[in-house]
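Reader: I am in my first year of study and should like to examine one part of this structure closely. May I ask for a connected explanation?

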Amino acid sequence: MATRKTSPDDLLGPVTLAVGQEDLLLDRAVQEVVAAARAADADTDVRDLTPDQLQPGSLMELTSPSLFAERKVLVVRNAQDLSAETVKDVKAYLDAPVEDITLVLLHAGGAKGKGLLDAARKAGAREVACPKTTKPAERLTFVRQEFRRLGRAATPEACQALVDAIGSDLRELASAVSQLTADVDGTVDEAVVARYYTGRAEASSFTVADRAVEGRAAEALEALRWSLSTGVAPVLITSALAQGVRAIGKLSSARGMRPADLARELGMPPWKIDRVRQQMRGWTPDGVAQAMRAVAEADAGVKGGGDDPEYALEKAVVAVARAARARR
């Protein structure tokens with residue numbers, strides 16, 4: 001079996017292994033290989049295959065020499081679901097890949113189909129990581145990288161505002177970054193994002209939380225109703241409220257430190273610390289405790305512990321806003 005590691009830049013190497021569950025990144029891994037193949041040969045034959053389409057013996061047929069010696073890209077999706085017999089075929093192919101054919105294996109990672117994953121790595125496959133983004137910080141990093149990938153500058157506030165406005169779907173985030181870079185000259189800032197995505201930003205769970213921790217109950221309730229009417233999941237709203245109140249509590253207990261030290265200690269970017277500092281005026285330690293209890297009750301209510309999730313959220317928003325005004 002070949003053990004030479006294929007360079008990450010060698011898009012036309014014998015095998016590319018894309019590992020993870022983030023659909024956008026998996027699709028991009030495929031698109032990069034296809035684009036490189038068609039740049040080398042405009043008539044490249046691309047076959048996109050699912051496990052049920054790749055039966056035992058099919059790979060041998062697909063990789064057999066052509067009369068026209070055409071370049072091929074064979075994309076195998078959900079490779080972890082291939083049958084045991086087909087996995088044997090793929091492993092055999094890894095031992096002796098065919099010139100001018102690039103095999104792209106999309107694998108979810110994990111225990112299922114690990115034998116094929118290990119075999120591809122041992123064969124020196126070029127590997128592309130496509131991990132699922134589950135944390136807000138990961139989505140923020142993705143947005144920053146998207147702007148850099150497109151050669152544009154965006155402020156930290158703009159990146160955060162875009163994540164707040166769009167949500168967790170990487171395809172939508174990538175599309176929004178692409179639109180902004182195409183339509184706007186110069187550095188993309190928070191005002192630009194607000195102009196393009198005002199409706200979505202106002203409907204976001206983080207807007208509800210921001211207005212609540214600022215003590216602006218009426219605006220928070222208005223944003224809450226708008227969020228719910230546009231399909232924002234109640235659990236995302238309680239999560240945003242909890243994050244907002246926890247940030248107030250963290251910063252309140254760390255007074256006197258320099259911004260750079262606070263950023264390291266609390267795990268927040270400096271711009272986020274500046275925003276929370278503005279929001280924490282009027283808060284007391286008792287207010288933070290009361291608000292967290294209210295949010296916890298709402299969280300239980302929206303997860304099945306109550307009859308009316310919307311009412312539970314409204315109560316929590318009002319309680320948080322009142323707690324924010326304890327010193328005013």
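Reader: In which strand is the place of Leu103?

Author: This is a predicted model, and in it Leu103 lies in strand β4. Leu103 is buried, since its relative accessible area is 1%, and a residue counts as buried under 20%. Its surroundings can be listed by name. Setting aside residues up to four places away in sequence, Leu103 touches Pro14, Val15, Thr16, Leu74, Val76, Val90 and Tyr93. One of these partners, Val90, is 13 residues from Leu103 in sequence, and the C-alpha atoms of the two are 9.6 Å apart in space.

Strand β4, which spans residues 101–107, also has a part in covering a neighbouring element in the description, helix α4. In α4, which comprises residues 114–122, the residues Leu116, Leu117, Ala119 and Ala120 are buried. These four cover an arc of only 165° around the axis, and therefore they are on the same side of α4. A general rule about helices is useful here: an α-helix has 3.6 residues a turn, so residues three or four places apart point the same way. The cover over the buried residues of α4 includes β4 together with β1 (15–20) and α3 (84–95). The strand that holds Leu103 is thus named again in the cover of α4. Just after α4, Gly124 adopts a positive phi of about 85°.

Methods:
Residues numbered from 1 in each chain as written. Predicted model: local features only at pLDDT ≥ 70, side-chain atom pairs only at ≥ 80, totals over all residues. Heavy atoms only, no water. Buried < 20%, exposed > 50% of the residue type's maximum accessible area, 1.4 Å probe, protein only. Helix = DSSP H or I, 4+ residues; strand = E, 2+ residues; numbered from the N terminus. Arc of directions from axis to C-beta. Contact = heavy atoms within 4.5 Å.
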